[in-house]
Amino acid sequence: MMIKATCFGEILWDEFPTHKKIGGAPLNVAVRLQSMQNQVAVISSVGVDQKGELLLDFMKENNVETKGVQLDANYKTGKVKVVLDESGSASYDIMQPRAWDKIALTDAAIELTQESDVFVYGSLASRDLVSRATLYELLKVAKYKVFDVNLRKPYYSADVLSHLMNEANFIKFNDDEIFEIAGLLGSDSQTLEVTILFIAQKTNTDCICVTLGSKGAILYFEGEFYSNAGYKITVADTVGAGDSFLGTLINKLVKKSDPQEAIDYACAIGALVASHEGANPKIEESEINKLMGKTVS
């Protein structure tokens, strides 16, 4: 079974102290979904510059549809300065404004969204009014909406997050994000499962996933909880690990896999991405099978 997916938002360059890598959560999710024999497009914008050309080349090499990527002569291609701490965890300095802040509502964007089985979007692409307005319109015509929460201070507000959550059929958080957002909405619970149920009730969403870093993830899916305790790996960097996790999880759930199998497999992919440098390493099936034989209980 092949699914059609469209990912909306930032495509950019992650600039590490020693090297540069192509990234942006929507693009990372798209590349992982595409690697699983799906038809995937990205709606974004790049500058008329070398970095933009290289991004489009990268997408074409990975068979990700580029017709939703706009060219903007007024703004440069996205760039993020990434700093890694001793454990490999990343912090980000996200340049603004960039081309992906100014995604216009085009016929191509509407058409791609309408034709897709899955529409994936994040919160970062809502930091600018132009891209936010476009996203709000596309959400009106999308079929199945996956909200990838990606809190980057100071680029979010309770009102925008509430709108994006209420539109979603499926929401993915990390553990810090869900507690912060639940707090903004009035929850004082310190328990993860209670907080998930609070968000589910507040947003009328029965599919919620929370990633827990090295401790795996928990999935609330159609009234049931599923979890995976994580896999032991040596971290190279965590950039893009959550994006590959999400792409894998969407692929499995939309194709009607067992939810437990879906979260186990997604955690394995996320761990393997964290064990490689950069956001979009190629992962071999043999690596996945080997790792899944070594679950941390």
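## A first walk through the model

S44 touches G9, E10, I11, G68, V69, Q70, W100 and I103, leaving out residues up to four places away in sequence. That makes S44 a handy starting point for this predicted model. The residue sits in strand β4. Is S44 buried or exposed? With a relative accessibility of 0%, S44 counts as buried, because buried here means under 20%.

### The nine-stranded sheet

From S44 we can step out to the sheet around it. Strand β4 covers residues 39–47 and pairs with β5 in the parallel sense, over four bridges. Within this pairing, S45 stands opposite Q70 of β5.

Both strands belong to an open sheet of nine strands, in the order β5-β4-β1-β8-β9-β10-β11-β12-β13, with mixed pairing. Its edge strands are β5 (69–72) and β13 (224–228), each of which pairs on one side only. On average, neighbouring strands of this sheet are turned by 15° against each other, direction ignored. As general background, strands of a sheet pair through backbone hydrogen bonds, either parallel or antiparallel.

Two helices lie across parts of this sheet. Helix α8 (residues 241–254) crosses β8 (118–122), β9 (145–148), β10 (170–174), β11 (207–211) and β12 (217–221), and runs at about 150° to β10. Helix α9 (residues 259–274) lies across β12 and β13, at about 30° to β13.

Strand β10 holds another residue to look at, N174. N174 is partly exposed, with a relative accessible area of 26%. Setting aside residues up to four places away in sequence, N174 touches V210 and T211. The C-alpha atom of N174 is separated by 8.5 Å from that of G242, although the two residues are 68 residues apart along the chain.

### The four-stranded sheet

A further open sheet has four strands, in the order β3-β2-β6-β7, and its pairing is mixed too. Which strands stand at its edges? They are β3 (20–23) and β7, each with a single partner strand, so one side of each is left without a neighbour in the sheet. From one strand to the next, the twist averages 30°.

Here are two of the strand pairs in this sheet.

| Strand pair | Sense | Bridges | Facing residues |
|---|---|---|---|
| β2 (residues 12–15) and β6 | parallel | four bridges | L12 and G78 |
| β6 (residues 78–84) and β7 (residues 90–94) | antiparallel | five bridges | K81 and D93 |

The hairpin of β6 and β7 has five residues between the strands, and in it G88 takes a positive phi near 90°. Helix α2 (residues 50–61) packs on this sheet, touching β2, β3 and β6, and its direction makes about 105° with that of β2.

### Nonpolar cores

In soluble globular proteins, nonpolar side chains tend to be buried together. In this model, the largest nonpolar core has 53 residues, and L27, F170, L219, L249 and I250 have the most contacts inside it. Helix α9 gives the largest share of this core, eleven residues. A second, separate core has 36 residues, among them F119, L138, F198 and I208.

What does L27 contact, leaving aside its neighbours within four places in sequence? The list is E10, I11, I22, V42, L55, F58 and M59. E10 and I11 are also among the residues that S44 touches.

### Empty space

Rolling a probe the size of a water molecule over the atoms shows where empty space is left. How many cavities of 30 Å³ or more does a search of the whole structure find? It finds one. The largest cavity has a volume of about 60 Å³. Its lining is made up of F8, E10, A25, P26, V29, V120, Y121, G122, S123, L124, D148 and N150. Helix α1 (25–34) and strand β8 each supply at least two residues of that lining.

Pockets are open spaces, and the second largest one has a volume of about 400 Å³. Of the 20 residues that line this pocket, R32, Q34, S35, M36 and I283 lie nearest its centre. Helices α1, α8, α9 and α10 (285–292) each supply at least two lining residues. The largest share, three residues, comes from α1. Helix α1 thus turns up in the linings of both the largest cavity and the second largest pocket.

Methods: Residues numbered from 1 in each chain as written. Predicted model: local features only at pLDDT ≥ 70, side-chain atom pairs only at ≥ 80, totals over all residues. Heavy atoms only, no water. Pairing = 2+ DSSP bridges. Axes fitted to C-alpha atoms, helices over the stretch in contact; angles between N-to-C directions. Contact = heavy atoms within 4.5 Å. Core = buried A, V, L, I, M, F, W, Y, C linked by side-chain atoms within 4.5 Å. Buried < 20%, exposed > 50% of the residue type's maximum accessible area, 1.4 Å probe, protein only. 1 Å grid on protein atoms, 1.4 Å probe; cavity = no way out; pocket = protein on both sides within 12 Å on 5 of 7 lines; lining within 4 Å. Points joined across faces, edges and corners; volume = space filled by probe spheres on them.
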